[in-house]
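Here are some exercises to work through with the model open in your viewer. Try each task before you read its solution.

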Amino acid sequence: DDLPPSCSKPVYCDSELLHHVQTARVYLDSKTFVDLQMRNDENTTLNAFQILLNATNNAPTVDQLRDFVLEYFDESSELENWTPEDYSDTPDFLNNIRDVDLRQFAKNINDIWPTLGRRVKPIVFENPDRSSFIPVSQGFIVPGGRFTEIYYWDAYWIIEGLLISGMDGTAKGMIENLIELLNKLGHIPNGSRWYYQERSQPPLLSAMMMRYYEKTKDKAFLKEHISSLVKEMNYWMDTQIVTFNKDDRVFTLLRYYAPSSGPRPESYFEDYNTAQNLDPHQDHTEFYIDMKSAAESGWDFSTRWFISKDGDNSGNLTNIHTRYIVPTDLNAIFANALENTATFYALLGDLRKATHWGYLAKQWRATIEEVLWHQEDGIWYDYDILNEKHRNYFFPSNLAPLWMLAVEKDKIIKHAPRVLNYLKHSQGLDYPGGIPVSLSRSNEQWDFPNVWPPEVSIVINGVRALGTKEAKELAFHLAQEWVRICHKGFKEYKQMFEKYDAEIPGSFGGGGEYNVQEGFGWSNGVVLEFLNIYGEVMTAYDSYESSEKLKVLPLKAEKKDDKQVIPADDNESSSSTDCSSSEESP
Ligand SMILES: OC[C@H]1O[C@H](O[C@H]2O[C@H](CO)[C@@H](O)[C@H](O)[C@H]2O)[C@H](O)[C@@H](O)[C@@H]1O
């Protein structure tokens, strides 16, 4: 076929070497091999492997493969630990958290940042062809565990947390790295590894820039990078656009689509084996594209991307058809990015361009309303363009148009009671361990019972955006529940996890193709986000003891106008707090 391989580095993406090492399961986690550095240049490595193939009649044993890998690859990391210069163990925001236990929890989370700080070793810049790491100039915060590189959409929640911790320079460096990757590859890859080259992740770059600008008012930085932000928007419009029918009308929106040949290199064994279970009429290349497109969504993997013969979400990975699903979150993020671009141009004084992007943003919001809004259920759903119907399943991403303010203000007011009603009856709020990412128990990691912190953030900020008293109370309640769940887990395991278990409060999630990871960038960002918004009124416990503690702790900083403080029914301390609210962008 004419498709490019997963990347332009054969050792890591497209070679007999990759195929043999990964299918022989030399390492239990497929990512381990593609993260190794070569001791020699690429040709020397590939030629040496060819000699081994010739000597073994193309069938090297696992031991021979293991010996080869040990001889030609090096397990040392491309990265060195890095303590960000702007890290402080006593950041100001701690003073705004009234509850003593939560204040300590926030401090513990803040203290995790330096443990996740990394920068690329100078040797990788000197020998960039010996590694799968795409070097970047600034230090950065990694998600944690096996994820020792930059991840595109993780960076959004990490940056939110960094800004709260007063680490504006580190947040800026994270954005600079993403822009460096964008300018090198023409788009931002899934992560800073070559094997992620041919796919991206949810396009949150401009939202990151907006968060950074709101905090710092750094117009010079905006001016320097506005053309890169536009470049990214054009990349998505050039490559991911899809035209489809709904109710005999033609619409255009974005979908995830990541065409390249072969299995995902970092999960080669898993994809290759799943492909052996495809029906004889199913095309392996198409299957690999849909797997990579799902990875591009960040939801790898989920029944969200399954379309069975009956047009529902049943089945397994062999039913994956990501490219035929128009996602709520992707289009909401994109509408927000269009609006941000308009705002940025207005700030920079270019009103002609501001008008152009603002017009596109309005169009995108109108299409979201026409295509994704489900009139009877009162919520936004993904749309199946194969079967021309909504995918009426509960996902936190159903709230993404609100989170990203991709809904016109008058529509928000109109929809608010129905959205709240939908949520209450969705069963998505019925679990003690948080809001599950779906209600389908599929054993995939982006399905029940897993709770993913960024999705919790999407729901809660989506509910906040509804703006009614009832919505504000629900948002506070959900945020407090979530912080308490993470606090419980932290006390028990001394860890923040990448995902949690909706059925067991504070416990980690599972399923999918790798063990649960600790660290964890976005989980830390989301807890800090809620403590920053509600720190004055949120409590770690309902007990008398903690409300007593709460009363005696003085607040150092004055109450800020830009915080939305919600009195909660179950929180007596909040009854004396003034209620203020403001329209905040997401
Ligand atoms: O190695 C398997 C997959 O791992 C990543 O996905 C998961 O971790 C990412 C980092 O936290 C996160 O962004 C993603 O949402 C998770 O599902 C990677 O992004 C995938 O592309 C990769 O195949």
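Buried means under 20% relative accessible area, and exposed means over 50%. Keep in mind that this is a predicted model.

**Exercise 1. Sort Cys486, Thr45, Asp248 and Asn443 into buried or exposed.**

Step 1: Start with Cys486. Its relative accessibility is 0%, so Cys486 goes into the buried pile.

Step 2: Thr45 also has 0% relative accessibility, and therefore counts as buried.

Step 3: Now try Asp248. Because its relative accessibility is 80%, Asp248 is exposed.

Step 4: Asn443 has a relative accessible area of 60%, so Asn443 is exposed.

**Exercise 2. Find the disulfide and describe its geometry.**

Step 1: Scan the whole structure; the search turns up one disulfide.

Step 2: Pick out the partners, Cys7 and Cys13, with sulfur atoms 2.1 Å apart. The cut-off for a disulfide is 2.5 Å.

Step 3: Check the torsion. There are 105° about the S-S bond, and the link of Cys7 and Cys13 is right-handed.

Step 4: Look at the surroundings: Cys7 and Cys13 are both buried.

**Exercise 3. Work out what the buried residues of helix H2 pack against.**

Step 1: Select H2, residues 16-23, and keep its buried residues: Leu17, Leu18, His20, Val21 and Gln22.

Step 2: List the elements they pack against. The helices are H1 (10-13), H3 (30-34), H4, H5 (62-72) and H12 (268-276), and strand E2 (73-74) joins them.

Step 3: Zoom in on H4, residues 42-55, where you'll find Thr45. Leaving out residues up to four places away in sequence, Thr45 touches Leu17, Met38, Asn40, Phe68, Tyr72 and Phe73.

Step 4: Go past the end of H2: Arg25 follows the helix and has a positive phi, near 60°.

**Exercise 4. Take the E6 and E7 hairpin apart.**

Step 1: Count the bridges. Strand E6 (residues 241-246) and strand E7 (residues 249-254) run antiparallel and are joined by six bridges. One pairing to check is Lys246 with Arg249 in E7.

Step 2: Split E6 into its two faces. Val242, Phe244 and Lys246 make up the covered face, while Ile241, Thr243 and Asn245 make up the uncovered one.

Step 3: Inspect the turn. Two residues sit between E6 and E7, and Asp247 in the turn has a positive phi of about 50°.

Step 4: Asp248 belongs to the loop between E6 and E7 as well. Its phi is near 60°, again a positive value in a residue other than glycine.

**Exercise 5. Which strands stand at the edges of the two open sheets, E3-E4-E5 and E8-E11-E12?**

Step 1: Take the E3-E4-E5 sheet, which has three strands and antiparallel pairing. Strand E3 (79-81) and strand E5 (140-141) each have a single partner strand, so one side of each lacks a neighbour in the sheet; these are the edges.

Step 2: Verify a pairing. Strand E4 (residues 117-120) and E5 share two bridges in the antiparallel sense, and Arg118 stands opposite Phe140 in E5.

Step 3: Turn to the open sheet with order E8-E11-E12, also three strands with antiparallel pairing. Strand E8 (325-326) and strand E12 (389-391) have a single partner strand each, so each is left with one side without a neighbour in the sheet.

Step 4: Verify again: strand E11 (residues 382-384) pairs antiparallel with E12 over three bridges. Asp384 has Lys389 in E12 as its bridge partner.

**Exercise 6. Describe the ligand's surroundings.**

Step 1: Collect the neighbours. There are 21 residues around the ligand, and the closest are Asp154, Asn190, Glu266, Gly298 and Asp300.

Step 2: Pull the polar distances to ligand oxygen atoms. An N or O atom in the side chain of Asp154 is 2.6 Å away from one. For a polar side-chain atom of Arg199 the distance is 2.8 Å, and for an N or O atom in the side chain of Trp446 it is 3.1 Å.

Step 3: Check the cover. On its own, the ligand has 480 Å² of accessible area, and the protein covers 100% of it.

**Exercise 7. Locate two cis peptide bonds.**

Step 1: Go to Asp300 and Phe301, where the peptide bond is cis and omega is near 0°. Phe301 is in the loop between helix H13 (284-297) and E8.

Step 2: Then go to Phe448 and Pro449, joined by a cis peptide bond with omega about 5°. Pro449 lies in the loop between helix H17 (409-425) and strand E13 (450-451).

Conventions: Residues are numbered from 1 along each chain as its sequence is written. This is a predicted model: local features need pLDDT of at least 70, side-chain atom pairs count only at pLDDT 80 or more; totals for chains, interfaces and linings use all residues. Side-chain values use heavy atoms; hydrogens and water are left out. Buried means under 20% relative accessible area, exposed over 50%, partly exposed in between (1.4 Å probe, protein chains only). Two strands pair if DSSP finds at least two bridges between them. Helices (H or I, at least four residues) and strands (E, at least two) are DSSP runs, numbered from the N terminus. A residue is near a molecule or strand if one of its heavy atoms lies within 4 Å of it. A polar contact is a pair of N or O atoms within 3.5 Å; within protein, one must be able to donate a hydrogen and the other to accept it, and residues adjacent in sequence count only if both atoms are side-chain atoms. Accessible areas come from the Shrake-Rupley method with a 1.4 Å probe; for residues, only the protein chains shown count as cover. Contact means heavy atoms within 4.5 Å.
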